[in-house]
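Colleague: I'd like to learn how to read a fold strand by strand and helix by helix. Could you walk me through this one?

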Amino acid sequence: MSQQGYVAAPPYSQSQPGIGGFSAGFGPSNSSLHYGHYGDPNSSYSAPQPGVSKSTVPFGSSTPVGPPPPGTHQFSQTNFQNGPSTPGQQPHRFQGPPPPSNTGSSYPPYSHQSQPAYPNTASTSSTTQLANQLNSMQINSYVSCSGPGTAPSSCMSSGHPASLQGPQLLPPTQQQMALPPGSQGPPPANSVNGLCAQPSLPPMARQDGIPGPVAPNPNLQQLPGQPPGPGYHPQQANYGPQMAGSQLSYPGAFPGGPAQLPGPQQKKLDPDSIPSPIQVIENDKASRGGQIYATNTRGQVPPLVTTDCVIQDQGHASPRYIRCTTYCFPSSSDMAKQARIPLAAVIQPFAIVPPNETPLYVVNHGETGPIRCNRCKAYMCPFMQFIEGGRRYQCGFCNCVNDVPPFFFQHLDHIGRRVDHYERPELSLGSYEYVATLDYCRNNKPPKPPAYIFMIDVSYRNINSGLVKLICDELKTLLDKLPREEQEESSAIRVGFVTYNKVLHFFNVKSSLAQPQMMVVSDVGEVFVPLLDGFLVNFQESRSVVINLLDQIPEMFADTNESETIFAPVIQAGMEALKAAECAGKLFIFHSSLPTAEAPGKLRNRDDKKLLNTDKEKTLFQPQVNSYEALARDCVANGCCVNLFLFPNQYVDVASVGLVTMCTGGTLYKYNNFQLDADSPQFLSDLRKDIEKKTGFDAIMRVRTSTGFRATDFFGAIYMNNTTDVEMAAVDCDKAVTVEFKHDDKLNEDSGALIQCAVLYTSISGQRRLRIHNIGLNCSSQLADVYKTCETDALINFFAKSAFKAILSQPLKMVREILVNQTAHMLACYRKTCASPSAVSQLILPDAMKVLPVYMNCLLKSCVLVGRPEIPTDERAYQRQLVTSMGVADTQLFFYPQLLPLHSLDLKSDTIPAAVRCSEERLSEGGAFLLADGLRVFLWLGVSAPPELIQGLFNVPSFAHISTEATSLPDLDNPFSKKLKSILEHIQSQKPYTMKLTIVKQREQSEMFFRQFLVEDKSIYGGASYVDFLCCVHKEICQLLS
């Protein structure tokens, strides 16, 4: 498997000249950094020189004349609709026949954006001063001219007479903002880690009050060509008083007005004037929410993951199962290298389908088994073309012509389609299942139903804290809820029990016994299973013996003083038990401390803060001993999935103990400093959800593609023995595998790019099955088509997973730089190949990627990629592992949390309040807000939050009486309390992890931790704010284009 994590960046093992080792680049060949070339190296852009007046009016746009209408300097989020405000100007996303009526054709799949131009004002040269220019925003379209040395009057270009006729729409699918060109002058002060922590324009308050001059800190100035220093530097925020002279000037309002004002004055970019993720989400909900989305067209872009709609499978897999980074692949590898847009699919093969959508049909061809192409082994699907009167079919993947088996023969109708087309799921649907034959089973024997083994750490701390009793009490009721097939009376899953500290205790719970029997294995170096008969049992048959055992375990070890534990032998024992029983299954391990007892897999505390920001930092994410990798391989080979519940109160080396969980498709849960009263609800909820999950066992996944491209890289909770087979000891509804594709030839625009994902697995009842998902994408020789169909949420999922894989072998600094560089490259290529000509000072974003910078900045600020001594190493390793197996919806919320205002709740309606942007500016002293990221949920209360709200939620008279110790809200019978509970339940219902509630009071200590989740702001650990990062990316783009 190749180690190359990023598209078109050189393999990580190579030394890189600058960033990205590509020779031909923009600009002269002797520039110090080399970037991937875009098209013809001779046609590189030249940036306007300081003092040279260059037309800055984008083609087809306009510069209104005269003063602005009242109120235009107020930026509200409503200024950015996803479509023009005038009806009749909505071109379709794809040229071609309109979609069939059942797709809701009244809404094109993302109407285009009429472009706002985002003004900003500082030039990098301190001698040049530009006033901030904002236009009237009658059609959300304003243009700014901020080329260095350009007087406002020079914005009028004789070549564009249209520029005097009032605002017009720019070409579809791009956003414009004027930012300082990055091509002139020295680099910004401390452009560190590829992030400009202090760009040429300081972060600032609103457009209404403009801060005075801020001189850049001379001590932090970097010389061109010097490597940036380590870490993010803190940013100066000492803004001077407002200056009387800093009035906004509007282009065309004062022809011949002064182009320069004295002093290095720099103004603020209004946060409301830059693209808002919330607005994009809300626009998509408004245009596509609640509708039926039919998957009957190749390459159509689905609604966003945040939009609720009903999905109808009509020949391509539902976006619940597969989402792509772009739904139109470039037709050649040269185009792909030029744009550097990753071509990837995020596949969640067992995703939950809501009750109002059809579950998967199961196709059973009896002993003949599934019909497959003779050459490439693809399964029968809607992409197969029947010919010769239905006697043969041509494979859509490899074009091989195959005979149709006699039992499967059917005549064709007048358009060449089989007359039974709609009666057969495998011919008409994108997703379906086949019953597999014995050829698909281990040793050609039908599999047995899977087993669950519960393995409890009974060391001193767990007994003392009450955890062991809590687990045993919960299992008594939980074992009645083991998953089962819908048509079955009871679950076929068998259960077994092990406890351990320095030794292992196996329990015989055979139904014929009066009392459970314990067998001790003290030779942990060579673990064996001391009993076969009576270890794995059907819970219903052995109920009384199992209940008896669960009552006895806490008492049995009540007087223990054993504090040392083993870990690897526990997994080994569980795996050997499953192997002996010849079945697949899951181990549920409840563990709390670093395994320091003498045994295989023994670990030492290696948590060394001195390694942060050095080349050895990557070792903190690698397992410290090799035995865990070998153990993971054995577990996968035997279909043994490991679910790990950790209860640490100090370092437990998650990177080592979590490795087997990661490789076997298991789930890792972590409860720091577990307190029985505070943390039980979260833990028990996680345990219940996990045991009840629909899961496929002993799974192997293959991704096949049509000719011209292939799957090259795989990211997820998976194990790979070779380059094609994705092995998972188990795969559940929340696990997603992200697959990257590369060209190996040209793609045909007519036949498109076809992908088939096949997962062979054992069901919970012990039936061997194949789950098939098919999706067809378009291909184009126009990069504009590729950019137009990108999906930012899927892109971020890919970038997060590939970066989190890269940190195992690369310095973090380099990984961060590659991410920034990749962002700039994608946007620079759009600017160069797809956008209409405009001033270099304008940042132009493709409509489908306009919030990519904010999400990318959130990823760069995630604790995994930021090495700071305050962040525990285990927390970083834990989050790295979680994200690696997340689907698109989960990474979207994780990197850009949902912030809901609660003080404006409509108590009579069922709707959830609209989210606001994740920034401190959106909080208000008189408000209350809920913030959720999928792992945690915070309730933030302003100092003057309404008393009736406080009384309604907490049953206390005032803000001062609220306790921040509580981790749940009291059950109160009033509209406020009921409404908040229903909102919390709704958010929770869609996420795999139970989110623990933290109550945060404004201006109290806990607010510091909460602020890290306000991802549009500067991080307390030094990450750039959204505005700063946008400026930084713009500078990179300008350098690429110059």
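Modeller: Sure. Let's start with what pairing means: two strands pair if DSSP finds at least two bridges between them. Keep in mind that this is a predicted model. With that rule, 3 strands make up an open sheet in the order β11-β12-β13, and their pairing is antiparallel.

Colleague: Which strands are the edge strands of that sheet?

Modeller: An edge strand pairs on one side only, and here β11 (385-387) and β13 (401-403) fit that description. From one strand to the next, the twist averages 35°.

Colleague: How many bridges hold β11 to β12?

Modeller: There are 3 bridges, in the antiparallel sense, between β11 and strand β12 (residues 392-394). To see the register, find F386: its bridge partner in β12 is Y393.

Colleague: Let's take a strand further along. How do I read the two faces of β32?

Modeller: In a regular strand, side chains alternate between the two faces of the sheet. For β32, that puts A928, L930 and A932 on one side and F929 and L931 on the other, and all of these are buried. The strand covers residues 928-932, with 5 of its 5 residues buried.

Colleague: Which strands does β32 pair with?

Modeller: Strand β31 (residues 898-901) pairs with β32 in the antiparallel sense over 4 bridges, and P901 stands opposite F929. Strand β33 (residues 936-941) also runs antiparallel to β32, joined to it by 5 bridges. There, L931 stands opposite F938.

Colleague: What links β32 to β33?

Modeller: A hairpin, with 3 residues between the two strands. Look at G934 in the turn, where phi is positive at about 95°.

Colleague: What about positive phi outside glycine?

Modeller: Most residues other than glycine have a negative phi. Two cases to look up here are N613, with phi near 60°, and D698, with phi near 50°.

Colleague: Where do N613 and D698 sit?

Modeller: N613 is in the loop between β20 (585-591) and α8 (627-637), while D698 lies in strand β23 (residues 695-705).

Colleague: Are N613 and D698 buried or partly exposed?

Modeller: Buried means under 20% relative accessible area. D698, at 15% relative accessibility, therefore counts as buried. N613 has 39% relative accessibility, so N613 counts as partly exposed.

Colleague: Now helices. At what angle do α13 and α15 cross?

Modeller: Roughly 25°, with the axes of α13 (residues 792-806) and α15 (residues 852-860) coming within 10 Å. Angles under 35 degrees count as roughly parallel, so that is how α13 and α15 run relative to each other. Their crossing is right-handed.

Colleague: Which residues make the contact between α13 and α15?

Modeller: From α13 you have T792, D793, L795, I796, F799, A800 and F804; from α15, L852, Y855, M856 and L859. By type, the residues of this contact divide into 9 nonpolar, 1 polar and 1 charged.

Colleague: Zooming out, how many helices and strands does the chain have?

Modeller: There are 21 helices and 34 strands. Of the 1042 residues in the chain, 61% are buried.

Colleague: And what share of the contacts join residues at least 24 apart?

Modeller: Counting contacts in the chain between residues at least 6 apart in sequence, 75% join residues at least 24 apart.

Note on methods: Residues numbered from 1 in each chain as written. Predicted model: local features only at pLDDT ≥ 70, side-chain atom pairs only at ≥ 80, totals over all residues. Heavy atoms only, no water. Buried < 20%, exposed > 50% of the residue type's maximum accessible area, 1.4 Å probe, protein only. Axes fitted to C-alpha atoms, helices over the stretch in contact; angles between N-to-C directions. Parallel < 35°, antiparallel > 145°, perpendicular 65-115°, else oblique. Left-handed = near helix turned anticlockwise from the far one by under 90°. Contact = heavy atoms within 4.5 Å. Nonpolar A, V, L, I, M, F, W, Y, C, P; charged D, E, K, R; others polar.
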